[in-house]
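User: I'd like to go through the labels used for this structure. For each one, tell me what earns it.

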Amino acid sequence: MRIYIYINSAADALHNNETVLRSSSRRLPNHKTGKPAKEPLVTAATLSELDVNKIVNNPKLRHDINFDPDLHFRPNLDGEKKRKIKIADDFWETMRLQLREYRMQPEQFERGLLGDTEWCLPETLKAIRGILEILVPQRDRVAVEEMFNIEMLMQQFQKGAEKLAAWLSQLLKCHCAPMRDSWVDEMATQLSNGDRNGDVTLLVAGMQNLLGVLEAMKLDVANHQIRCLRPLLIEDTVHFEQKFFMKKIAAGIVDVTAANAWFRRASSLPDIAPTGSSPHSEGNTWDFINALVHFTLPSKASEMVPHTFLFDEERLTKLRSDMLNLINLEICMCLYRNLHGQSNTTPENTPMTSVLSFPTIPEPHHFAPKPKQIPQDGHVVTSASPSPRSSPSSTASTPDTYSLTPLRLSLPFDHPTSQVRTLLLAILSSSTTNDKCTSLLPSLALQILHSTTTPLTHLRQIESDLTLHLSNPRSRVYQEAETHVLNQLGPVLKKLVINYTSLTSLQIFEAATLPGTPPTPENRPKDEISEIAKRIAHIGILHWRVWGPLAYVLNPKTEEEIEVPKERAQSIS
């Protein structure tokens, strides 16, 4: 089990605080016996996971560091969190009982340690000494060894621990970040007051806080090292990963045959940006990017992920989810615009039928803005500017259907329409469950209804329309919305690929992760597309540089030895 994990989401940064660190000083017991562990979770051995040599040789971390400037370590409290907390509580409760008995009748207590009974305190003190020896500089290690004579410390806990608390406070403040000083003071106060008042509960709380401070100090060091090493790690990504995966391929652990076949099949996919010449670098980079875009479409969710995407599965899953949100958003906006147009022309008591029915397959001109005539000084001026209050499209319809208002992702909206779009996207992004459209459908329908003057009696029909088309690749409305999103994405993505191809890995990281200016209501649709395009270009170009010569350009079935181009970036592996 991993004691520490790194997180690469700014939203998860809240976990990296003192509350998390304070609750993490525990070790899992033997599951077969169910006995409390004899030592806490935080030891020199477990903290070794944060050593710099472990960081630079962690291939997944080194890949992920390319994509998130906020990547950092925190204690691993995921998984069976309640069980872990229960185990920790059992450990410290055992120490409280043992310490209370030891301070009252030490000789009798030591004679009573029989069989498998573990004495928690000396093991915990040994763990503290081991951690201090790796945290403090060489000049202070002699003092640590002298102070942490276990036999002497055991006597101090029997007679008094104030001296230890004062010494620890002075030592830790010399080496920890200033933000930890208040935590150190709290620890020292708990140890001193617990000893002075004979309060074993307070003494144990001080021990917990002491281990929490030590863990935080090691995490601070590891996260500082990540920040300092980031440029070198990013520049060395291609060289390091090619070296790593060539060993896996040679050992038969990673199979590139399926990945090669996937790439060859993808060459027949339609180009999402067919105009202009495709950028090239070590083969046709754009062909791969085009294949990657199609692979991230929600309608392709059932396809097997090639082994070459081992380190990018989470990012691809997030991309696919965001693409689905954009497609569903276009469906919702189409429904909103139809309702908005109808609400101005349809009597309130008119029965409502589906507003997203397609009597015929939409043609490209159905998605273009309809010109409108505006009287101006006695003349008629034709305008192509869309307006939510413009009359409905004249697309062919039947008595049971209403005309289709075109999808206009790239067209400017007035403020009310942009606000509706923002609210709908917020609802779509608020859930990550597999059936999120089912759970969010009532909220989406109510928001659409609330944004128009449509009577409340039509809510059920709106929900019915959404149920039919949202996240449904078999729906013609869904297919048209997907095509429209791709048409908007293609030119933006191709431009980014051309720009990124000549950049180094570090320059791409800086360009792709640099925070942009806050979107305005008018530019929000374009910003949504640009954000996804940046992520696809970043993932795709880095992936192609690593795997192009290993899996895609050459046929893995040939007997030729694969030669990987040398990376100019400095290797620190």
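Analyst: What follows takes the labels one by one and sets values against cut-offs. Keep in mind that this is a predicted model.

User: Start with the overall picture. What does the secondary structure come to, and how much of the protein is buried?

Analyst: The protein has 22 helices and four strands. Of its 573 residues, 48% count as buried. The exposed surface is about 28,200 Å², and carbon and sulfur atoms supply 53% of that. Take contacts between residues at least 6 apart in sequence: 74% of them join residues at least 24 apart.

User: Why is the pair of Phe-245 and Trp-547 called tilted?

Analyst: Two values decide it. The ring centres are 4.6 Å apart, and the limit for a pair is 6.5 Å. The planes stand at 50°. Stacked needs under 30 degrees and edge-to-face needs over 60. The angle of 50° fits neither, so the pair is tilted. By this rule the count comes to 19 aromatic pairs.

User: What makes Phe-245 and Trp-547 a tie between separate parts of the chain?

Analyst: Their positions. Phe-245 belongs to helix α13, residues 237-250. Trp-547 belongs to helix α22, residues 524-552. The pair therefore ties together parts that are 302 residues apart in sequence. Both residues, Phe-245 and Trp-547, are buried.

User: Which label goes to the pair of Phe-288 and Trp-544, and what parts does the pair link?

Analyst: Phe-288 and Trp-544 are also an aromatic pair that is tilted. The distance is 5.5 Å centre to centre, with 40° between the planes. That angle is neither under 30 degrees nor over 60. Phe-288 is in helix α15, residues 285-295, and Trp-544 is in helix α22. The two are 256 residues apart, and the pair links distant parts of the chain.

User: How do you know that Phe-288 and Trp-544 are buried?

Analyst: The cut-off is under 20% relative accessible area. Phe-288 has 0%, so Phe-288 counts as buried. Trp-544 has 3%, so Trp-544 counts as buried too. Both residues also belong to one aromatic cluster, along with Trp-262, Phe-263, Phe-295, Phe-309 and Tyr-552.

User: What makes you say that the charged end of Arg-320 sits over the ring of Phe-295?

Analyst: The charged end of Arg-320 is 5.2 Å from the centre of the Phe-295 ring. The distance limit is 6 Å, and the charge must also lie within 35 degrees of the ring normal. Arg-320 is listed as sitting over the ring. The charged end of Arg-62 sits over the ring of Phe-240 in turn, 3.8 Å from its centre.

User: Why are α7 and α8 called roughly antiparallel?

Analyst: Helix α7 (residues 120-135) and helix α8 (residues 138-147) pack at about 170°. The label needs over 145. So α7 and α8 are roughly antiparallel. Their axes are 9 Å apart. Arg-129, Leu-132 and Glu-133 in α7 meet Arg-141, Val-144 and Glu-145 in α8.

User: And why is α12 oblique to α21?

Analyst: Helix α12 (residues 200-235) and helix α21 (residues 505-513) cross at roughly 120°, and their axes come within 7 Å. Roughly perpendicular covers 65 to 115, and roughly antiparallel starts over 145. The crossing falls in neither range, so α12 is oblique to α21. Phe-509 is one of the α21 residues that meet α12.

User: Is Phe-509 buried or exposed?

Analyst: Phe-509 has 7% relative accessibility, so Phe-509 counts as buried. Beyond four places in sequence, Phe-509 is in contact with residues including Ile-65, Phe-67, Arg-230, Ile-234 and His-538. Phe-509 and Glu-235 are 274 residues apart in sequence, yet 9.7 Å apart in space, C-alpha to C-alpha.

User: What makes Ser-471 partly exposed, and what is its phi?

Analyst: Partly exposed lies between the 20% and 50% limits. Ser-471 has 31%, so Ser-471 counts as partly exposed. Its phi is near 55°, a positive value in a residue other than glycine. Most residues other than glycine have a negative phi. Ser-471 lies in the loop between α19 and α20.

Notes: Residues numbered from 1 in each chain as written. Predicted model: local features only at pLDDT ≥ 70, side-chain atom pairs only at ≥ 80, totals over all residues. Heavy atoms only, no water. Phe/Tyr/Trp six-rings, centres within 6.5 Å; stacked < 30°, edge-to-face > 60°. Buried < 20%, exposed > 50% of the residue type's maximum accessible area, 1.4 Å probe, protein only. Contact = heavy atoms within 4.5 Å. Areas by Shrake-Rupley, 256 points an atom, 1.4 Å probe, with all protein chains shown as cover. Axes fitted to C-alpha atoms, helices over the stretch in contact; angles between N-to-C directions. Parallel < 35°, antiparallel > 145°, perpendicular 65-115°, else oblique.
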